[in-house]
Amino acid sequence: MTRHAHHYANVTAVITGAIEETTADEQHRGLSGSVLIKPAGTDHSNVILGRKGMITTSIEVAADSPLGREIFEQGWSWHEDPACATAALALYRSSA
C-alpha cells in the first residue's frame, strides 16, 4: 500500500506471513507473532513480503478514547514478545 494514514489508532497482530511497514522515520519487518501499536494519523506505507501473503488481526480504536490517547502517547511501535502477541489476541477476542 502506498503512503496513507488512518483516522483511528490500532493494535495489529501478524498471524502468518510478513509485512514491512515504513513511517517517515522508521521501518520494521513484522513477522508471525509481531504486534504493531499505531496511533491515529501515523503516515505509513506497507509491503506484504513473500508469495503466500499474510494474515493479521487488528483492533481499531477511536483516537479520542482513553486507549487511543494512550497509544498516541506511546507512539508507533512494534513488539516481538510472545506475551505481547498473546495479550493482543486476548484484546481482540474480548472486543468481538
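Which residues make up the largest nonpolar core? In this predicted model, local features require pLDDT of at least 70 and side-chain atom pairs count only at pLDDT 80 or more, while totals for chains, interfaces and linings use all residues. Residues are numbered from 1 along each chain as its sequence is written, and side-chain values use heavy atoms, with hydrogens and water left out.

The largest nonpolar core (buried Ala, Val, Leu, Ile, Met, Phe, Trp, Tyr and Cys residues joined through side-chain atoms within 4.5 Å, where buried denotes under 20% relative accessible area, exposed over 50% and partly exposed in between, with a 1.4 Å probe and protein chains only) comprises 10 residues, namely A9, V11, A13, V35, I37, I59, V61, I71, A85 and A88. At least two residues of this core come from each of β1, β4, β6 and α2, elements assigned as DSSP runs (helices H or I, at least four residues; strands E, at least two) and numbered from the N terminus; β1 gives the most, with 3 residues.

Helix α2, spanning residues 82–95, contains 14 residues and reaches 20 Å from its first C-alpha to its last, close to the 20 Å expected at 1.5 Å a residue, the expected span being 1.5 Å times one less than the number of residues. At the N-terminal end of α2, D81 acts as a cap, with a side-chain oxygen 3.0 Å from the backbone nitrogen of A83.

V47, in strand β5, is partly exposed, with a relative accessible area of 44%. The C-alpha atoms of V47 and V35 are separated by 16 Å, the two residues being 12 residues apart along the chain.

Definitions and conventions
A polar contact is a pair of N or O atoms within 3.5 Å; within protein, one must be able to donate a hydrogen and the other to accept it, and residues adjacent in sequence count only if both atoms are side-chain atoms.
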